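Please open the model in your viewer and keep the selection panel at hand, since each stop of this tour begins with something to select.

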Amino acid sequence: MGTYRAVEFGEYGEPEVLRVVDRDIVEPGSGQVRVRVRAAGVNPVDWKIRSGLLAAHRPTEFPSVPGGDVAGVVEAVGPDVTGYEVGSEVLGAVGNGGYAEVVVTDVATLALKPAEVAWEQAAALPIAANTTYAVFDLLRPVAGETIVIHGAAGGVGTVAVQIAVDLGLRVIATASEANQDYLRDLGAEPTVYGTGLVDRLRTLAPDGVDLGYDVSGHGGSAILVELLGGPSRVATIADYTASDIGVPFVQGVETEKIASRLTAAATLAAAGKLTIPIAGTFPLAEAPATHHLSQDGHVRGKLIIVP
């Protein structure tokens with residue numbers, strides 16, 4: 001069958017534990033396809049897993065290939081697969097294995113990529129869109145309501161703001177001073193982090209805030225609970241400890257919903273209503289550099305690995 005190149009790590013540690021190796025190509029099983037990866041997105045969860053920061057919540061079986069966001073071309077189809085064939089262009093939230101030339105995944109994790117959406121854009125969407133739609137499935141926003149998205153200038157926040165705008169929500173977004181104009185261009189009303197944040201948010205929304213979405217952690221869930229007066233319509237994708245104050249941690253793991261969520265995001269992207277700035281593209285060998293950049297926390301948009 002031959003081999004393919006992938007980035008793997010065999011122990012928790014700094015970005016330098018990532019290394020390029022050769023792996024054997026395998027055939028897809030029932031309900032699976034093998035995808036030739038054209039682009040893979042880098043997410044903060046990737047380095048949190050690699051570093052061991054999430055070991056208590058998401059234990060890793062070594063060696064492991066990181067990367068949940070992929071876009072590519074189907075090159076082999078397993079039994080009992082419908083809707084996909086060799087040559088189908090797809091994007092997917094595949095869980096892991098994305099930092100590679102090929103990945104085998106269940107078709108339930110995929111959606112067809114519209115021709116209008118570039119490979120890098122397609123690879124930037126899946127996890128951010130899937131988790132955001134999962135949050136909204138839980139919070140059930142109604143057009144006209146006001147949402148605060150805490151930490152909105154990164155890859156997930158960028159997607160969350162645009163999906164919220166598309167749903168007809170008034171979006172108030174928190175970010176650093178340098179990202180205020182950027183968020184305004186996305187359709188949000190921005191304000192800065194730091195001392196007095198709750199007061200600033202109340203000034204922006206004197207009639208109250210309906211929903212809170214914590215993208216970045218760093219105490220954001222507690223701030224949103226204070227702002228809303230309780231946790232009932234607050235969710236986080238960044239703080240595992242938020243359950244201590246009644247805020248659910250959302251992972252978007254309902255496999256049966258992933259394809260429809262990705263299709264919705266891809267449709268918005270094809271219509272020009274959802275876009276993500278690409279902060280940089282890197283070959284497999286430079287995967288450690290992408291993790292250093294992501295850990296530093298000053299990336300606007302998405303880092304993309306191109307095998």
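The tour goes from paired strands to salt bridges, then to a pair of helices, and ends at a second sheet and a single residue beside it.

**First stop: strands β3, β4 and β5**

Before selecting anything, keep in mind that this is a predicted model. Select strand β3, residues 32-42, together with strand β4, residues 69-77; these two strands pair in the antiparallel sense over 8 bridges. Now add strand β5, residues 89-93, which runs antiparallel to β4 and is joined to it by 5 bridges.

Within this group, put the focus on Asp69 of β4, where Gly41 finds its bridge partner, and then look towards β5, where Ala93 stands opposite Asp69.

**Second stop: the salt bridge of Asp69**

Stay with Asp69 and show its side chain along with that of Lys302, because the two meet in a salt bridge, 3.0 Å from N to O, and a side-chain nitrogen of Lys within 4 Å of a carboxyl oxygen of Asp is what counts as one. The partners come from distant parts of the chain, with Asp69 in β4 and Lys302 in strand β14, residues 302-305, which places them 233 residues apart.

Are these two residues buried or exposed? Asp69 is buried, with a relative accessible area of 0%, and Lys302 is buried as well, with a relative accessible area of 3%.

**Third stop: Arg36 and its network**

Return to β3 and select Arg36, whose side chain forms a salt bridge with that of Glu75 at 3.0 Å, again from N to O. This pair also links distant parts of the chain, since Arg36 belongs to β3 and Glu75 to β4, 39 residues apart. Arg36 is partly exposed, having a relative accessible area of 32%, and Glu75 counts as partly exposed too, at 25% relative accessibility.

Extend the selection to Glu27 and Arg34, and you will have a network in which salt bridges with shared partners join Glu27, Arg34, Arg36 and Glu75. In total, the structure holds 14 salt bridges.

**Fourth stop: Glu145 and Arg233**

For another of these contacts, select Glu145 and Arg233, whose side chains meet in a salt bridge at 2.9 Å, N to O. Glu145 lies in the loop between α3 (126-139) and β8 (146-150), while Arg233 lies in the loop between α7 (220-228) and β12 (234-236), so the pair ties together parts that are 88 residues apart in sequence. Glu145 counts as buried, at 15% relative accessibility.

**Fifth stop: helices α1 and α9**

Hide the side chains for a moment and select helix α1, residues 44-51, and helix α9, residues 287-296, which pack at an angle of about 105° with their axes 9 Å apart. The two helices are therefore roughly perpendicular to each other.

To see how they touch, show Pro44, Asp46, Trp47 and Arg50 of α1, and then His291, Ser294 and Gln295 of α9, which make the contact. Sorted by class, the contact of α1 with α9 has 2 nonpolar, 3 polar and 2 charged residues.

**Sixth stop: the parallel sheet**

Now select the 5 strands that form an open sheet in the order β10-β9-β8-β11-β12, with parallel pairing. At its edges are β10 (189-192) and β12, each of which pairs on one side only, and neighbouring strands of this sheet are turned by 20° against each other on average, direction ignored.

Towards the β12 edge, strand β11, residues 211-214, pairs with β12 in the parallel sense over 3 bridges, and Tyr213 stands opposite Ala235 in β12.

Add two helices to the view. Helix α6, residues 197-204, lies across β8, β9 (170-175) and β10, running at about 160° to β10. Helix α7 packs on the sheet and touches β8, β11 and β12, its direction making about 175° with that of β11.

**Last stop: Val225**

Finish inside helix α7, where Val225 has its place, and where this residue counts as buried at 16% relative accessibility. Which residues does Val225 touch, not counting those up to four places away in sequence? They are Gly230, Pro231, Val234, Ile245 and Val247. Selecting Ala266 as well gives a view across the model, with the C-alpha atoms of Val225 and Ala266 separated by 32 Å and the residues 41 apart along the chain.

Note on methods
Residues are numbered from 1 along each chain as its sequence is written. This is a predicted model: local features need pLDDT of at least 70, side-chain atom pairs count only at pLDDT 80 or more; totals for chains, interfaces and linings use all residues. Side-chain values use heavy atoms; hydrogens and water are left out. Helices (H or I, at least four residues) and strands (E, at least two) are DSSP runs, numbered from the N terminus. Buried means under 20% relative accessible area, exposed over 50%, partly exposed in between (1.4 Å probe, protein chains only). Axes are lines fitted to C-alpha atoms, for helices over the stretch in contact, and angles run from 0 to 180 degrees between N-to-C directions. Angles under 35 degrees count as roughly parallel, over 145 as roughly antiparallel, 65 to 115 as roughly perpendicular and the rest as oblique. Contact means heavy atoms within 4.5 Å. Ala, Val, Leu, Ile, Met, Phe, Trp, Tyr, Cys and Pro count as nonpolar, Asp, Glu, Lys and Arg as charged, and the others, Gly among them, as polar. Two strands pair if DSSP finds at least two bridges between them.
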